[in-house]
Amino acid sequence: MLANIPVKAAAVAIMGMHWLDTSSPELLPPPSNHMFTQTFIYGSYDGRIIYVEPMITQAFIGSAKERPQGSSFQVSAPAKVATTGACPSKDSVSYDATAKE
């Protein structure tokens, strides 16, 4: 999943390693890519995935009120998981007009 990135650059103190699915459309070189709005990060420590983290731009979150149904994104599953069903397959963002958030 790391593409020519030194391990020290992908490791974050107290958070472990950060991994990306390099086949995600938002990471492909132009003109194949689309405007970056979101991606999904996998975090590992000691050789095990210990967290998943959606990364969504502030601009995309701010535009959520324009999409009353919200937006959903497919999440690539790792080839192997320690516990079946413990890895998300979809992520979503929505706007609550009543709470204005």
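This short talk goes through the strands of one predicted model and a few of the residues in them.

I'll start with the four-stranded sheet. The sheet is open, and its strands run in the order β1-β2-β3-β4 with antiparallel pairing. At the edges sit β1, residues 11–12, and β4, residues 48–56; each of these pairs on one side only.

Now to the pair β2 and β3. Strand β2 covers residues 16–20 and strand β3 covers residues 38–45, and four bridges hold the antiparallel pairing between them. If you want one position to look at, take Trp-19: its bridge partner in β3 is Tyr-42.

Staying in β2, the next residue to look at is His-18, which lies in that strand. Is His-18 buried or exposed? Its relative accessible area is 18%, and buried means under 20%, so His-18 counts as buried. The side chain of His-18 also makes a polar contact with the side chain of Tyr-51, at 3.2 Å.

That leaves the other pair, β5 and β6. Strand β5, residues 71–74, pairs with β6 in the antiparallel sense, again over four bridges. Here Gln-74 stands opposite Lys-90 of β6.

Which side chains of β6 point to which face? In a regular strand, side chains alternate between the two faces of the sheet. Strand β6, residues 90–93, shows this alternation. Asp-91 and Val-93 point to one face and are buried. Lys-90 and Ser-92 point to the other face and are not buried. So the Lys-90 that stands opposite Gln-74 belongs to the face whose side chains are not buried.

Definitions and conventions. Residues are numbered from 1 along each chain as its sequence is written. This is a predicted model: local features need pLDDT of at least 70, side-chain atom pairs count only at pLDDT 80 or more; totals for chains, interfaces and linings use all residues. Side-chain values use heavy atoms; hydrogens and water are left out. Two strands pair if DSSP finds at least two bridges between them. Helices (H or I, at least four residues) and strands (E, at least two) are DSSP runs, numbered from the N terminus. Buried means under 20% relative accessible area, exposed over 50%, partly exposed in between (1.4 Å probe, protein chains only). A polar contact is a pair of N or O atoms within 3.5 Å; within protein, one must be able to donate a hydrogen and the other to accept it, and residues adjacent in sequence count only if both atoms are side-chain atoms.
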